[in-house]
Amino acid sequence: LVAAMLAFIPLNVCNPTEAAVQTEMSVANNQVSVQQSKQLFNDEKNAISMLMPASFLTKGEHTPDNKEIFQVNYSNVQMFIYVTPIDKSGPNSAKFIDEVLAGLKKIAARKDAELLENKIIKLDGRKTLHVVQKINAQPKAPDFIMDNYTLFTPNDMIDFRFNIEAGYYEKFKASTMNEMIASIKIGTKWKRFATPDNRYSYELPEDVYNAGAAFDHQMLGSNDDMMTGIMVQKIADNPKYAYYPQSLANLSAAEQADLEKKIIKQLKSEVRTARNIKNEFTVVNNLPCIKTSFDDVTSHSIAYVFIQDGNYISYDYIFNAKLASKLAPVLERSVNSIKF
């Protein structure tokens with residue numbers, strides 16, 4: 001897999017669009033000015049954001065083939081953001097990332113270039129390959145610096161590339177580029193997962209692997225951090241849930257207390273090592289709900305239970321208790337996305 005990835009990575013190849021612009025570098029009225037206010041570029045689809053000069057946002061565009069999610073061309077500066085999807089066998093481990101980055105370092109040099117920098121750094125908390133090359137340009141065009149940052153998420157390989165006229169590089173780097181790179185934020189890409197009948201759904205990180213129906217769940221998925229799923233059971237056909245009322249709405253305090261006792265009793269009979277059991281009667285997306293959570297050895301489980309049309313519906317999450325803080329914003333977004 002590592003070898004296959006290295007074969008298609010566009011780290012050091014100028015595409016025709018880039019090469020053509022190099023011949024225009026003498027056009028003075030199309031140059032980047034260093035005295036510009038910065039604005040936030042935010043690509044929600046790919047969960048990428050960074051500060052850019054205001055003119056970049058007004059001049060920037062997507063290429064027709066969408067291979068670059070953003071590009072901007074001036075006579076003295078070009079910038080590209082590439083996103084290359086990776087399948088589920090991609091960089092889900094530190095070892096994989098180390099192997100790919102090491103492979104990329106080996107192929108960084110090119111015949112018509114002088115390699116100025118080739119090292120692994122940290123960018124937004126991620127291991128990133130930083131390659132800087134001085135490129136011998138075409139006849140009658142100035143030399144330029146290619147400054148490239150390559151990093152990985154569970155879903156993608158992301159490249160931030162700058163082609164900058166050699167004589168302008170240090171000035172642009174100090175006044176603009178360093179701040180741009182330091183501002184890069186890579187978030188989580190999301191995808192909606194649903195039961196086969198599409199009646200119940202929620203959003204999860206895109207790297208969650210959908211295992212289909214499993215155990216009592218109509219949908220079950222997992223990634224490196226958690227397992228999750230949607231369970232739908234007909235109460236009339238399953239004595240296990242016969243104690244649930246027809247609705248969770250408008251339950252009295254006594255009814256809530258009685259239901260909670262029965263939930264705890266059932267849970268303890270099924271998971272004998274369960275501890276720190278908590279039940280909360282709440283509302284999720286205007287639907288009455290019971291949030292049940294408990295610890296079991298090293299894992300932490302949370303279930304959001306709904307009763308509707310005679311069905312017991314549970315959106316379940318289980319993960320290592322040590323990941324609770326890391327996953328808190330993930331679960332918050334996922335739960336808020338629940339739809340019937």
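**Loops, strands and aromatic pairs in a predicted model**

Asn286 is placed in the loop between β15 and β16. The structure described here is a predicted model. Asn285 belongs to that loop as well, with β15 covering residues 274–284 and β16 covering residues 287–296. Each of these two asparagines has a backbone angle worth noting. For Asn285, phi is near 50°, a positive value in a residue other than glycine; for Asn286, phi is near 70°, again a positive value in a residue other than glycine. Their surroundings can be read from the accessible area. Asn285 has a relative accessibility of 35% and therefore counts as partly exposed. Asn286 has a relative accessible area of 75%, so this residue is exposed.

From this loop the chain may be followed through β16 and into the strands beyond. β16 and β17 make a hairpin with two residues between them. In that turn, Val297 has a positive phi of about 60°. The pairing of β16 with β17 is antiparallel and extends over seven bridges. Within it, Phe294 stands opposite Ser301 of β17.

A second hairpin follows, formed by β17 and β18, and two residues lie between these strands. Here the turn contains Asp309, whose phi is positive at about 50°. β17 and β18 (residues 311–320) run antiparallel and are joined by ten bridges. Ser301 has Ile318 as its bridge partner in β18. Ser301 thus faces Phe294 in one pairing and Ile318 in the other. In general, strands of a sheet pair through backbone hydrogen bonds, either parallel or antiparallel.

How many of the ten residues of β17 are buried? Nine of the ten residues in this strand, which spans residues 299–308, are buried, so β17 is largely enclosed by the rest of the structure.

The side chains of this region include several aromatic rings. Phe306 and Tyr315 form an edge-to-face pair, with 5.9 Å between the ring centres and 85° between the planes. Phe306 has a relative accessible area of 1% and is therefore buried. Tyr315 is buried too, because its relative accessibility is 0%. Both residues belong to a cluster linked by ring pairs, whose other members are Tyr200, Tyr202, Tyr304, Tyr317 and Phe340. Over the whole structure, a search finds 16 aromatic pairs.

Another of the aromatic pairs joins Phe41 and Phe70. Their ring centres are 4.9 Å apart and their planes are at 55°, an arrangement that counts as tilted. Phe41 lies in β1 (residues 38–43) and Phe70 in β3 (residues 68–73), so the pair ties together parts that are 29 residues apart in sequence. Both phenylalanines are buried.

β1 also takes part in an open sheet of three strands, arranged in the order β1-β2-β9 with antiparallel pairing. The edge strands are β1 and β9 (185–186), each of which pairs on one side only. Six bridges make up the antiparallel pairing of β1 with β2 (residues 48–53). Lys38 has Pro53 of β2 as its bridge partner.

Two lysines are placed over aromatic rings. The charged end of Lys59 sits over the ring of Tyr74, at 5.1 Å from the ring centre. The charged end of Lys191 sits over the ring of Phe193, at 5.6 Å from the ring centre.

A polar contact involves strand β13 (residues 217–222), in which His217 is found. The side chains of His217 and Asp316 are joined by a polar contact of 2.7 Å. His217 has a relative accessibility of 14% and therefore counts as buried.

The last element to consider is helix α5, comprising residues 169–182. Its end C-alpha atoms are only 17 Å apart, whereas a straight helix of 14 residues would span 20 Å at 1.5 Å a residue. Where does α5 bend? The helix bends by about 45° at Thr176. Thr176 is one of the buried residues of α5, along with Tyr169, Phe172, Met177, Met180 and Ile181. The spacing of such residues may be read against the geometry of a helix. An α-helix has 3.6 residues a turn, so residues three or four places apart point the same way.

How values were computed: Residues numbered from 1 in each chain as written. Predicted model: local features only at pLDDT ≥ 70, side-chain atom pairs only at ≥ 80, totals over all residues. Heavy atoms only, no water. Phe/Tyr/Trp six-rings, centres within 6.5 Å; stacked < 30°, edge-to-face > 60°. Helix = DSSP H or I, 4+ residues; strand = E, 2+ residues; numbered from the N terminus. Buried < 20%, exposed > 50% of the residue type's maximum accessible area, 1.4 Å probe, protein only. Lys NZ or Arg CZ within 6 Å of the ring centre and 35° of its normal. Expected span 1.5 Å × (residues − 1). Bend = angle between axes of the 7 residues up to and from the residue. Pairing = 2+ DSSP bridges. Polar contact = N/O pair within 3.5 Å; in protein donor to acceptor, adjacent residues only side chain to side chain.
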